[in-house]
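Colleague: I would like a close look at one part of this protein, with enough of the surroundings to place that part in the whole. Could you take me through it with the model in view?

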Amino acid sequence: MPSVAFDLAAMGAGLSFATALDDLLAGLDASGSVVVSAPPGTGKTTLVPPLLASRSSGRVIVTQPRRVAARAAARRLAHLDGSPLGTRVGFTVRGERSAGPETRIEFVTAGVLLRRMLDDPGLDGVDAVIIDEVHERAIETDLLIGLLSEVRELRDDLTLIAMSATLDATRIATVIGTDGGPAPVVHHDVPAFPLIESWAPSPVPRLDERGVTRGFLDHVARTTTAAALDLGRNDPAADVLVFAPGAREVSEIARRIRGSNTAFDVRELHGQIPAAEQDAVIRGRRPQDPPRIIVTTSLAESSLTVPGVRLVVDSCLSRHPQRDVARGMTGLVTTAASRSSSVQRAGRATRQGPGAVIRCVDEGTYAAAPARPVPEIAVTDLADAALLLACWGAPGGEGLRMIDPLAAENLADATAVLHGLGAIDDEGRVTAEGRTLARIPADPRLARALRDGARSVGARLAAEVVALLGGDLRIAEADAAQALIALRGGRTPDARRWRSDADRLERMIAATPGIRSDLDGVGLVIALAFPERIAHRVDRTAEGATFLLASGTRAAVRGPLGAVEWLAVADVARASGRAAAGSGAIIRAASALTEAQIEKAASHLITDRVEAEFIGGRVQARRERRVGAILRSSAPVRASVAEGRDAVRRALRREGLSMFTWADTADALRRRLALLRHELGDPWPDVSDAGLLAALDAWLAPELDALAGGTPVGRVDLTSAIRRLLPWPDAVRLDELVPDRLEVPTGSRIRIDYPPHDDPTSRPVVAVKLQECFGWAETPRLVDGRVPVLFHLLSPAGRPLAVTDDLASFWSGPYAQVRAEMRGRYPKHPWPEDPWAATPTRHTKNRAAR
């Protein structure tokens, strides 16, 4: 036990979760893994880490889904402990660390712990891991649960706790439990203060093709200002918390409120503002300070507690990553917030007393929202996750206990990306290159661009571009180069954070002496990361242009970049309306690219080949130079025999065998073979459309060459071609098994009409005059007696009399009625009472022959 324990009684004063500590201790005594479910603001993040630290001598790691939450939780706990931040309590987030060897409790983002585990999979020196805010279902959190569940199989001394405000506790308990059963669940409920719900639907749409509408932002700002004025008259000490989907909307709403009323201290709270400003919001306000309106993102749903809030204004919108599999693009999309998220948001108003929530939608819209948010692992790009799992030795999550499996289509795309980067081998195992990329805290494609780009444009510019693309920064008019100019000279929080990220990335790669580049290298770095997004302008308008990407996707851009012929696109998202110019997507970040840079970044996508097509009965060929789906040049050429043959093959597979005119002899032979295939199987060939198309070279090779050389389609002899498929020596029995004609008792040879090749279950048909069958007691059979002939029996005048595949039954039954009706009509023809025993007369035979 450590010499100085944490004072849980003092730290837990006034926190309701203090009453649940005994239940938690009982769960820990029963199992090394526990699920904790408790509402926001009850104190679980404050009390559980020091409780675990007091039970062991090793470090306790607490994960948070966001950097701001990790920093804030560490500062609060250090303050309650009375120790300097970075000593007993510390934190580590991307680009910032305040922790040391003596740190007992370390708050980290989930991504930091994931990468730490790649170098230290056993977590030496760590006695407990607490995964907080599991209900948000961030992809890093889901991955951590899978990896840590496996670690616990080897380290039964490692304590694992999953905590959340609202979660499917039973499901999580099963995942983090052991073979002996699910983990214990500690539920902590507190009496809820009264909440007054009201609705303020907007008179204008919330969303259009560009995102959140200006009219809706105006509506949220007006609603907030009016409600805050009413609240201030009734409760001057109360503050207002406003939820918007993203940082841009936070700034826009805050600006509108400031412009309409100066009586409030309007604050912004999101992950992009400096830590000092975040801390100032979380600390609350002094009694003499003016009332506050805090405009925030989903960050304040449960990760952070903002004191003094009595009113929540909810836009009922959220922003989350989503992958468009069809276009191969991932981006942030704004959608209706889930009802569970809205409940979380409203709960911030009742943490310390009665509160109210105003939802800026009507009740019907709220009821139609999804019940829960979709897990990121189901909708986001999985390249980073797939690389991490490959490094862990579990490609695709194989063998891990996961809350949800990785989405199959997205995983397949991610695997293809990693394979193209050389990060995994054909079996999905990580390569040395993959391990190198995984140690760079960025998407694997950006990691590759950082390393390879440094050799071409210099380490500093490569780091600046990667920091820009990975920093969730808004890029005006999609121009990445102009964004770098603004950031280099900027003094905004975004600029300071970008410089810090660029400095950190630059230190991670070796500088190449003498290599420097200015902004003309920005496009190359982007193209190295996303070669499939190299884009060529195909249409230009007064407002911008439409580009075709190497992947085959079309996307529009507005502004100066529309005048550029080639672009390296970093970010493209689905869109509609004027902004997308009918392309279905818009470019959100890009830079100009030269053809020389294309050769360097996308050599694997560049092709120079002859493309031959069989069109209108002749081969036409052009030499085409392409970058993926982009056609760079095209000129007519003469196709070689091999190119022409391939063109004919493709045409056949595209248009099918109906491209030919089948002669009666060819069609008849095909029908006979189809019946043999159905009845006997091998070695008789498959002559279905699919079978013939799959074996073109086996039966049609000479004709393919002839067609490639200019022979008209109508002159192709398909009968001879089909005969090449006859199996020898079995082929000698073809006429015995499926004769072309059937000899009847009169001696006539009647043609057999075999069923269509695509319906071999039907019967072979013989249409014959009834008198010519006299003398047959039983129905003749084909294919070694397997298939009876279906007779269409005709009158002497050739009119239908009966249909049967059982002559014996016909003679003993229906024939009597036929005989009674026909003998008077055709008295010159025989109608014996025992036709099976009758011998056809020459008169009958001759008439039939004629």
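What follows is a request about one strand and a connected reply.

Colleague: Which strands pair with strand S7, and in which sense do they run? I would also like to know how many of the residues of S7 are buried.

Modeller: Please keep in mind throughout that this is a predicted model, and that everything I describe was computed from its atoms. Strand S7 covers residues 159-164 and is mostly covered, with 6 of its 6 residues counted as buried. The side chains of the strand point in two directions: Thr159, Ile161 and Met163 point one way, while Leu160, Ala162 and Ser164 point the other way, and the residues of both sets are buried.

As for its partners, strand S1, which spans residues 33-37, runs parallel to S7 and is joined to it by 5 bridges. Within that pairing, valine 34 has isoleucine 161 of S7 as its bridge partner, and isoleucine 161 is also one of the buried residues of the strand. Strand S6, made up of residues 126-131, likewise pairs with S7 in the parallel sense, here over 4 bridges. In this second pairing, alanine 128 stands opposite threonine 159 of S7, another residue that is buried. In general, strands of a sheet pair through backbone hydrogen bonds, and they do so in either a parallel or an antiparallel manner.

It may help to set S7 beside a sheet from another part of the chain. There, an open sheet of 3 strands has the order S29-S32-S33, and its pairing is mixed. Strand S29 (765-769) and strand S33 (800-804) stand at the edges with a single partner strand each, so one side of each of these strands is left without a neighbour in the sheet. Neighbouring strands in this sheet are turned against each other by 20 degrees on average, with direction ignored. S29 pairs in the parallel sense with strand S32, residues 790-794, over 5 bridges, and alanine 767 stands opposite histidine 792 in S32.

For a helical example, leucine 487 has its place in helix H20, which covers residues 480-489. Its relative accessibility is 11%, so leucine 487 counts as buried. Beyond its neighbours within four places in sequence, leucine 487 is in contact with several residues, among them Leu468, Leu473 and Trp498. The C-alpha atoms of leucine 487 and leucine 519, which lie 32 residues apart along the chain, are separated by 13 Å.

Turning to the whole, the protein has 32 helices and 33 strands. Its radius of gyration is 39 Å, well over the 29 Å that the globule rule gives for 850 residues, so the protein is more spread out than a compact globule. Along its principal axes the C-alpha trace spans about 125 × 65 × 60 Å. Buried residues make up 52% of the 850 residues, and among contacts with a separation of 6 or more, residues 24 or more positions apart account for 68%. The accessible surface comes to about 37200 Å², of which 50% belongs to carbon and sulfur atoms.

Finally, on the cysteines, the count of disulfides comes to 0 when sulfur atoms must lie within 2.5 Å. Cysteine 391, at 9% relative accessibility, counts as buried, and cysteine 773 counts as buried at 0%.

Key. Residues are numbered from 1 along each chain as its sequence is written. This is a predicted model: local features need pLDDT of at least 70, side-chain atom pairs count only at pLDDT 80 or more; totals for chains, interfaces and linings use all residues. Side-chain values use heavy atoms; hydrogens and water are left out. Two strands pair if DSSP finds at least two bridges between them. Axes are lines fitted to C-alpha atoms, for helices over the stretch in contact, and angles run from 0 to 180 degrees between N-to-C directions. The radius of gyration is taken over C-alpha atoms; the globule rule is 2.2 Å times the number of residues to the power 0.38. Buried means under 20% relative accessible area, exposed over 50%, partly exposed in between (1.4 Å probe, protein chains only). Contact means heavy atoms within 4.5 Å. Accessible areas come from the Shrake-Rupley method with a 1.4 Å probe; for residues, only the protein chains shown count as cover.
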